Amino acid sequence: MSIPLNSNSQLKTLYLNSQLATKTNNIYNFEFATPIICPLNMQTIISVSEFNVPNVFPLFNSSNNVIVTSEAGFGFTLTIPDNIRNPVDFAAYWNSNKPLNYTATLVYNKQTFKFTFFSLFPMSITTDTTCGRIIGLEYINNVVQLSIGSTINPTWHLELPSTVNFRPTDQIFIKTEELTLNNVNSFGIITNTLARVPVNAQPGSVIFYRPVELNRFIIPKKTIQTLKVGLVDALQKPLDIGSQAFQLLLKVEFMYPLDDDTPYDKGSIPYFIKNELRLPDEEEEEERPIGV
């Protein structure tokens, strides 16, 4: 049901700049000199009305930057740096750092968007690889299918089954640790998510988010003195923007508790049209002289 704003209390707007917060493990802690206090016998409503952040998220981090291969039984582990942002650079980095006794060459096909290892010996990708989603390994029920190996003799080659995905994330989730928000993720776990922001800008540009309709949340907290905010990706992994900053505009409103008899659709457009919008009756219209 929509949340009707049934009070005349003045709303409060929080202009949050992450540069003015204390950052610990990619969690930003905002401390307010003047606390936000909910008026007596009322409830607090919070919503995200605007958000912007530079699109500078690194693709590779400590959780997804390792590729482990084996050629003719000889293993090779390579850690990918965070400045690699496209499949062409990835292939060039792997080819320039492979062992001297490796005959394999990694090639990116721009027509199929897939990687292929061309080798003179049996080639495989082993289970210690953590960048499978990026380079195009197959996932079934959210589990990567490893290890995979080449099968053609005498010229062994290994084409990865899926297309590459060199986007750090398609969505940004704004989460808070200070407020209880009964939002759930795909696993049915409560995540305290304030908003989901689509990544609508090219790398290096600014992601700008302003929702057409505010997603309001009734929170039980009566006093807000601090607020912890974090950014996570679509896989719920923390996003690091380094020394860059995000701007978050929060709207805080207040309402009286709803009665049990309150219609379920009160506050919505259909309710307004059905119950509050009224056109004047014909008999109410006064006859006026022509030209007046």
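Begin by selecting the hairpin of β5 and β6, where two residues lie between the strands and alanine 72 takes a positive phi near 55 degrees. Strands here are DSSP runs of E with at least two residues, helices are DSSP runs of H or I with at least four residues, and both are numbered from the N terminus. Before going further, keep in mind that this is a predicted model, in which local features need pLDDT of at least 70 and side-chain atom pairs count only at pLDDT 80 or more, while totals for chains, interfaces and linings use all residues. Residues are numbered from 1 along each chain as its sequence is written, and side-chain values use heavy atoms, with hydrogens and water left out.

**The first hairpin**

Colour residues 66-71, which form strand β5, and residues 74-79, which form strand β6, and you will see an antiparallel pairing over six bridges; two strands are said to pair if DSSP finds at least two bridges between them. Within this pairing, pick isoleucine 67 and look across to leucine 78 in β6, which stands opposite.

Next select asparagine 65, which lies in the loop between β4 (43-54) and β5. Is asparagine 65 buried or exposed? Asparagine 65 is buried, because its relative accessible area is 13%, and buried means under 20%, exposed means over 50%, and partly exposed means in between, using a 1.4 Å probe and protein chains only. If residues up to four places away in sequence are not counted, asparagine 65 touches Phe60, Leu78, Thr79, Ile80 and Thr130, where a contact means heavy atoms within 4.5 Å.

From here, move to threonine 127, in the loop between β9 (123-125) and α2. Threonine 127 is exposed, with a relative accessible area of 53%. Although threonine 127 and isoleucine 67 are 60 residues apart in sequence, a distance drawn from C-alpha to C-alpha in your viewer should read 9.1 Å.

**Strand β14 and its two partners**

Now select residues 171-176, which make up strand β14, together with β15, and follow their antiparallel pairing over five bridges. In this pairing, phenylalanine 173 has arginine 196 in β15 as its bridge partner. Then add residues 223-232, strand β18, which also pairs with β14 in the antiparallel sense, over four bridges. Here the residue to click is lysine 175, whose bridge partner in β18 is glycine 230.

Continue into the loop between β14 and β15, where glutamate 177 has its place. Glutamate 177 is exposed, with a relative accessible area of 52%. Which residues does glutamate 177 contact, leaving aside its neighbours within four places in sequence? They are Ile27 and Lys228. The C-alpha atoms of glutamate 177 and isoleucine 27 are separated by 9.2 Å, while the two residues are 150 residues apart along the chain.

Asparagine 192 is found in the loop between β14 and β15 as well. Asparagine 192 has a positive phi of about 55 degrees although it is not a glycine, and it is buried, with a relative accessible area of 17%.

**The largest pocket**

For the next stop, select Asp233, Ala234, Leu235, Gln236 and Lys237, which lie nearest the centre of the largest pocket among its 47 lining residues. On a 1 Å grid over the protein atoms alone, a pocket is an open set of points with protein on both sides within 12 Å along at least five of seven lines, and lining residues have an atom within 4 Å of a point. This pocket holds about 1200 Å³ of space.

The lining divides into 22 nonpolar, 16 polar and nine charged residues. Both α2 (132-135) and β15 (193-198) supply at least two residues each, and the largest share, four residues, comes from β15.

Stay with glutamine 236, whose place is in the loop between β18 and β19 (247-255). Glutamine 236 has a positive phi of about 65 degrees although it is not a glycine, and it is partly exposed, with a relative accessible area of 27%.

**The whole chain**

Finally, show the entire protein chain, whose secondary structure comes to three helices and 19 strands. Of its 292 residues, 40% count as buried. Among contacts between residues at least 6 apart in sequence, 71% join residues at least 24 apart.

Methods:
1 Å grid on protein atoms, 1.4 Å probe; cavity = no way out; pocket = protein on both sides within 12 Å on 5 of 7 lines; lining within 4 Å. Points joined across faces, edges and corners; volume = space filled by probe spheres on them. Nonpolar A, V, L, I, M, F, W, Y, C, P; charged D, E, K, R; others polar.
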